[in-house]
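Hi,

Here is the structure I said I would pass on. Have a look at it first, and then read my notes below.

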Amino acid sequence: MGGELRHGHRRGSRKGAPQPGILVTHEVTMAQPAPCAHLQAIAEVKPPKSQACEACVEIGGTWVHLRTCQQCGVTFCCDSSPNRHASRHAKATGHPVIASAEPGERWLYCYPDDQVVQY
Ligand SMILES: [Zn+2]
Ligand SMILES: [Zn+2]
Ligand SMILES: [Zn+2]
């Protein structure tokens, strides 16, 4: 898995004579972009085992918010926290999706695709 690059199609502006009679209408679709494959693969959201960053507990650190890795289920601190363990974990392991471990928050975030979905 992985390594697939999405190539956007560039529409170059054509120079030359405009073609009268051809009306190009751009239909604006309000559809939401589909969740990425990582987010679609989440069938059941893993809840936090405890309301604590496992890495901060070990080093006596503090955190602001908590995130739970949806690959291995560990709970780490968010990017507003001094140690940003969730981001570091995602980078180190390649685990793409975290869920907010904050009570009342119901969203998932995919690091590689920078995408958030509510659930
Ligand atoms: Zn993704
Ligand atoms: Zn932490
Ligand atoms: Zn993980």
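Below is what I found, beginning with some strands and ending with one residue in a loop.

Before anything else, keep in mind that this is a predicted model.

Let's start with β3, which covers residues 97-100, and β4, which covers residues 107-110. The two run antiparallel and are joined by three bridges. If you want a spot to find on screen, look for A99, which sits opposite L108 in β4. Between β3 and β4 there are six residues, and the two strands make a hairpin. The turn includes G104, whose phi is positive, at about 90 degrees.

β4 also pairs with β5 (residues 115-118), again in the antiparallel sense, through four bridges. Here Y109 faces you as a handy marker: it stands opposite V116 in β5. β4 and β5 form a hairpin too, with four residues between the strands. In that hairpin, D114 has a positive phi near 50 degrees.

Now for the loop. D79 lies between β2 (75-77) and α3 (85-93). Is D79 buried or exposed? D79 counts as exposed, because it has 12 C-beta neighbours inside 10 Å, and the cut-off for exposed is 12 or fewer.

What does D79 touch, once neighbours within four places in sequence are left aside? Its contacts are then R84 and S87. You can also check D79 against R67, twelve residues away along the chain: their C-alpha atoms are 9.6 Å apart.

Cheers

Methods. Residues numbered from 1 in each chain as written. Chains lettered and ligands numbered in written order. Predicted model: local features only at pLDDT ≥ 70, side-chain atom pairs only at ≥ 80, totals over all residues. Pairing = 2+ DSSP bridges. Buried ≥ 20, exposed ≤ 12 C-beta atoms within 10 Å, placed from the backbone. Contact = placed C-beta atoms within 7 Å.
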